[in-house]
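Q: Please explain, term by term, how the labels attached to this structure are justified.

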Amino acid sequence: MSTSESTETRQQQADASAESSQESPEASASGSTADAGTQAHASAPPDEKEADVDDDLSAEAAGRIDDLRDELASVQKERDEINEKYLRKAAELENFRRRMERENTRRYSAGQVDVVKAMLGVLDDMGRSMDAAEELREKQDAETAYESLRGGVDMVYRKFIDELENLGVERIDAEGEPFDESLHEAMMQQPAPEDVEPGTVLNEVQAGYRMGERVIRHSRVIVAA
């Protein structure tokens, strides 16, 4: 190859290289623009997704708050109903208690009146006996006065026992019975006579009475040792 041809070839290569250099910035800029667009396009969806997630959470929280408010209102209503029922029952119980107190007081008063009425008859008989004995004493008939008084007292005593029985009061058996601490009160002990078991009531110092199963007064007794 001649020197002139070699020089021409190198010149052509240099021109081609210059053209390539002139085109490269444009291509590079085009490529950079494309990459930026791609990156911008790729980064946009996460922001939108985050916004959607925030909206969903806000809606869910608002719905939950509404549910809690409804539940609270329901609980408060139920509380008020229970409180109202409790107050009504408490008032009914208090009214019942007061009625029972009044009824018990009425019955107690009625029982007292019944007892007093029964005793008034006994008192009348005792008064008549005393008047009869006094009249006979004034006539200086002491023996007849004594007999009259004794008969009157005996009649009053029997009537008094009858009135007690009408009220359900009865005398407790004591003498000759085995000692029973639920019925008897031992005042003292004495040696047991022949044919008498220890623990037997020998004598009754004071009579005891009961009304049904309730002991009004224990019998005071002397017990065989």
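A: Helices (H or I, at least four residues) and strands (E, at least two residues) are DSSP runs, numbered from the N terminus. The model is predicted: local features need pLDDT of at least 70 and side-chain atom pairs count only at pLDDT 80 or more, while totals for chains, interfaces and linings use all residues. Residues are numbered from 1 along each chain as its sequence is written, and side-chain values use heavy atoms, with hydrogens and water left out. In these terms, aspartate 125 and arginine 128 both lie in helix H1 (residues 3-138), three residues apart, which is about one turn of the helix.

Q: How many helices and strands does the protein chain have, and what pattern do they follow?
A: The protein chain has two helices and six strands. Along the sequence they follow the pattern α-α-β-β-β-β-β-β.

Q: What makes the pair of aspartate 125 and arginine 128 a salt bridge?
A: The term requires a side-chain nitrogen of Lys or Arg within 4 Å of a carboxyl oxygen of Asp or Glu. The side chains of aspartate 125 and arginine 128 meet at 2.3 Å, N to O, and this distance therefore satisfies the cut-off. The structure holds 14 salt bridges.

Q: Why is aspartate 125 called buried?
A: Buried means under 20% relative accessible area, exposed means over 50%, and partly exposed lies in between (1.4 Å probe, protein chains only). Aspartate 125 has a relative accessible area of 7%, so it is buried. Of the 225 residues of the protein chain, 12% count as buried.

Q: How do you know that arginine 79 and aspartate 80 form a salt bridge, and why is aspartate 80 called partly exposed?
A: The closest N and O atoms of arginine 79 and aspartate 80 are 2.9 Å apart, which meets the requirement. Aspartate 80 has a relative accessible area of 41%, and is therefore partly exposed.

Q: What makes the pair of glutamate 185 and arginine 220 a salt bridge, and where in the chain are the two residues?
A: Their side chains meet at 3.7 Å, N to O, and the pair accordingly counts as a salt bridge. This pair links distant parts of the chain: glutamate 185 is in strand S2 (residues 184-190) and arginine 220 is in strand S6 (residues 219-224), 35 residues apart. Glutamate 185 has a relative accessible area of 35% and is therefore partly exposed. Arginine 220, at 34% relative accessibility, also counts as partly exposed.

Q: Which residues are joined into one network by salt bridges that share partners?
A: The network consists of Glu94, Arg97, Arg98 and Glu101.

Q: How do you know that strands S4 and S5 pair?
A: Two strands pair if DSSP finds at least two bridges between them. Strand S4 (residues 209-211) and S5 have three bridges, in the antiparallel sense, so the condition is met. Arginine 210, for example, has valine 215 in S5 as its bridge partner. S4 and S5 form a hairpin with two residues between them, and glycine 212 in the turn has a positive phi of about 65°.

Q: Why are S1 and S5 said to stand at the edges of the sheet?
A: The open sheet has three strands in the order S1-S4-S5, with antiparallel pairing. S1 and strand S5 (214-217) each have a single partner strand, so one side of each is left without a neighbour in the sheet.

Q: What makes Val115, Leu167, Met211 and Ile216 a nonpolar patch?
A: Nonpolar side chains (Val, Leu, Ile, Met, Phe, Trp, Tyr) within 5 Å are joined, like charges within 9 Å, among residues with over 30% relative accessible area and no salt bridge. These four residues form such a patch on the surface, with about 320 Å² of accessible area together (Shrake-Rupley method, 1.4 Å probe, only the protein chains shown counting as cover for residues). Leucine 167, one of the four, lies in the loop between helix H2 (142-166) and strand S1 (169-171).

Q: Why is alanine 174 called buried, and which residues is it in contact with?
A: Alanine 174, found in the loop between S1 and S2, has a relative accessible area of 4% and is therefore buried. Contact means heavy atoms within 4.5 Å. Leaving aside neighbours within four places in sequence, alanine 174 is in contact with His184, Val201, Glu204, Ser219 and Val221.

Q: Why is aspartate 195 called exposed, and what is its phi?
A: At 83% relative accessibility, aspartate 195 counts as exposed. Aspartate 195 is in the loop between S2 and strand S3 (201-206), and its phi is near 65°, a positive value in a residue other than glycine. Most residues other than glycine have a negative phi.
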